[in-house]
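Here are some notes to read alongside the model, written as numbered points. Please keep the structure in view while going through them.

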Amino acid sequence: MEDRLLSQATDATVGHAFDLLANTVLTRNARTLEDLVQDMLRPMLKAWLDDNLPVMVERLVRAEIERVARGR
């Protein structure tokens, strides 16, 4: 016990203060890791869809039209 820099009372008080801070931050800003990742990925997904979705849809629609036309 003599090797400790803080007394048990000081350690408990400091720990409690940090717990209160963490609880306040989480309560007022209730964002999860998933929320943060979603916010980061959303612009990347939007850019990817803008770049790739029109070409993919056009190719698939064209293939379906050809398939239907051959079936008649």
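1. Is E58 buried, partly exposed or exposed? With a relative accessible area of 44%, E58 is partly exposed, because that class lies between the limits of 20% for buried and 50% for exposed residues. Please bear in mind, here and below, that this is a predicted model.

2. The partner of E58 is R62, and the closest N and O atoms of this salt bridge are 2.7 Å apart. The two residues are separated by about one helical turn, because R62 and E58 stand four residues apart in helix 2. R62 is itself partly exposed, at a relative accessible area of 48%.

3. Another pair in helix 2 repays a careful look: K46 and D50 join their side chains in a salt bridge, with 2.9 Å from N to O. K46 and D50 are also four residues apart in helix 2, and therefore about one helical turn separates them. K46 counts as exposed, since its relative accessibility is 52%, whereas D50, at 48%, is partly exposed.

4. The structure holds four salt bridges, and one of them links the side chains of D11 and R4, at 3.6 Å from N to O. D11 is partly exposed, with a relative accessible area of 39%, and R4 is likewise partly exposed, with 37%.

5. As for the overall form, the protein chain has two helices and zero strands, and its C-alpha atoms fill a box of roughly 90 × 25 × 20 Å along the principal axes. The radius of gyration is 28 Å, although a compact globule of 72 residues would have one near 11 Å. As an illustration, L20, which is found in helix 1 (residues 8-28), lies 65 Å from E66, C-alpha to C-alpha, with their positions 46 residues apart in sequence.

6. On exposure, 0% of the 72 residues count as buried, and L20, for example, is partly exposed at 46%. The accessible surface of the protein chain comes to about 7,100 Å², of which 62% belongs to carbon and sulfur atoms.

7. A nonpolar patch on the surface deserves attention: its members include W48, M56 and L60, and together the residues of the patch have about 800 Å² of accessible area. L60 is found in helix 2 (residues 33-71) and counts as exposed, because its relative accessibility is 52%.

8. Finally, on charge, the protein chain has 10 positive and 12 negative side chains, and the centres of these two sets lie 16 Å apart.

Definitions and conventions
Residues are numbered from 1 along each chain as its sequence is written. This is a predicted model: local features need pLDDT of at least 70, side-chain atom pairs count only at pLDDT 80 or more; totals for chains, interfaces and linings use all residues. Side-chain values use heavy atoms; hydrogens and water are left out. Patches are made of residues with over 30% relative accessible area and no salt bridge: like charges are joined within 9 Å, nonpolar side chains (Val, Leu, Ile, Met, Phe, Trp, Tyr) within 5 Å. Accessible areas come from the Shrake-Rupley method with a 1.4 Å probe; for residues, only the protein chains shown count as cover. Buried means under 20% relative accessible area, exposed over 50%, partly exposed in between (1.4 Å probe, protein chains only). The radius of gyration is taken over C-alpha atoms; the globule rule is 2.2 Å times the number of residues to the power 0.38. Lys and Arg count as positive and Asp and Glu as negative; His and the chain ends are not counted. The place of a charge is taken as NZ of Lys, CZ of Arg, CG of Asp or CD of Glu.
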